[in-house]
Amino acid sequence: PPTVWALGFTSLFMDVSSELIHGLLPLFLVVSLGASTAVLGLVEGIADAAKVGVELEFHVIDQLFSVRTPREQSYRVETSEMVSPPGGEELYRIAPKRGYFRAEPNDHLFPIRSEIVSVYRQLGLDVKYHHHEVGSSQSEIEFNLSPIEQMADGTVLAKMLAHRIAHKHDKIITFLPKLFSEEPGNGMHVHHFLTKDGVNVF
């Protein structure tokens with residue numbers, strides 16, 4: 001299928017570009033940043049292996065209404081979790097900034113997150129856990145530490161799959177950094193783990 005070919009070429013391109021960048025990094029550090037050869041030697045020898053763990057934060061919304069004209073650009077979002085009117089208290093809805101680790105029935109997103117995580121695990125993506133985030137209609141899925149190349153490819157795949165699974169349920173997932181002005185935004189925290197000769201260097 002075209003999607004599989006596209007993913008394959010993307011992965012190949014990333015592998016080739018990372019090899020090119022690796023060779024140019026010392027030149028960049030010295031010429032562009034003015035690093036000394038002593039600093040370069042320190043950076044080059046600090047570790048011989050690295051792993052990263054990514055946290056994906058995102059919003060799951062039910063409907064998106066937008067207006068785009070030469071004089072106006074705006075959008076309005078509807079979600080089963082947000083209180084309406086804003087600031088109100090409704091049964092099983094989440095007030096602004098009160099969603100962290102909420103459980104069902106307030107957490108309306110648990111079923112869709114569980115399905116997303118199930119698909120990830122079937123494909124070999126090593127999920128640590130998932131939970132409701134601080135914002136209403138906001139979620140997080142965290143991955144265990146993995147080799148950098150594997151986590152980079154996994155992150156691209158994870159985002160693509162999340163969009164498709166949401167679409168299947170007539171929902172929209174967005175990784176947009178700031179969807180609502182009065183709610184927390186979405187980040188992508190990256191945990192680093194460096195070793196040298198099998199020993200943690202931190």
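These questions and answers look at how terms apply to one predicted model.

Q: What makes up the secondary structure of the chain?
A: The chain has four helices and nine strands. Along the sequence, the pattern reads α-α-β-β-β-α-β-β-β-α-β-β-β.

Q: Why are α3 and α4 called oblique to each other?
A: Helix α3 covers residues 110-122 and helix α4 covers residues 148-168. They pack at an angle of about 135°. Angles over 145 degrees count as roughly antiparallel, and 65 to 115 as roughly perpendicular. The angle of about 135° fits neither range, so the pair is oblique.

Q: What else describes the packing of α3 and α4?
A: Two packed helices are described by the angle between their axes and the distance between the axes. Here the axes of α3 and α4 are 10 Å apart. α3 passes α4 in a right-handed crossing. From α3, the contact uses Ile112, Glu115, Ile116, Val119 and Tyr120. From α4, the contact residues include Ala158, Leu161, Ala162 and Ile165. By class, the contact has nine nonpolar, three charged and no polar residues.

Q: How do you know whether Ser137 is buried or exposed?
A: Look at the relative accessible area, which is 0% for Ser137. Buried means under 20%. Ser137 is therefore buried.

Q: Where is Ser137, and which residues does Ser137 touch?
A: Ser137 is found in the loop between β4 (127-132) and β5 (138-143). Leaving out residues up to four places away in sequence, Ser137 touches Phe58, His59, Val60, Ile61, Thr79, Glu81, Leu109, His132 and Phe180. In the turn of the hairpin, Ser137 has a positive phi of about 65°.

Q: What makes β4 and β5 a pair?
A: Two strands pair if there are at least two bridges between them. Five bridges join β4 to β5, so they pair. The two strands run antiparallel. They form a hairpin with five residues between them. Val127 stands opposite Phe143 in β5.

Q: How do you know that β1 pairs with β5?
A: Use the cut-off of at least two bridges again. Strand β1 (residues 49-61) has five bridges to β5, so these strands pair. They also run antiparallel. Phe58 has Ser139 in β5 as its bridge partner.

Q: Why is β5 called mostly covered?
A: Six of the six residues in β5 are buried. Gln138, Glu140 and Glu142 point one way, while Ser139, Ile141 and Phe143 point the other way. Buried residues make up 31% of the 202 residues in the chain.

Definitions and conventions: Residues are numbered from 1 along each chain as its sequence is written. This is a predicted model: local features need pLDDT of at least 70, side-chain atom pairs count only at pLDDT 80 or more; totals for chains, interfaces and linings use all residues. Side-chain values use heavy atoms; hydrogens and water are left out. Axes are lines fitted to C-alpha atoms, for helices over the stretch in contact, and angles run from 0 to 180 degrees between N-to-C directions. A crossing is left-handed if the near helix is turned anticlockwise from the far one by less than a right angle, and right-handed if clockwise. Contact means heavy atoms within 4.5 Å. Ala, Val, Leu, Ile, Met, Phe, Trp, Tyr, Cys and Pro count as nonpolar, Asp, Glu, Lys and Arg as charged, and the others, Gly among them, as polar. Buried means under 20% relative accessible area, exposed over 50%, partly exposed in between (1.4 Å probe, protein chains only).
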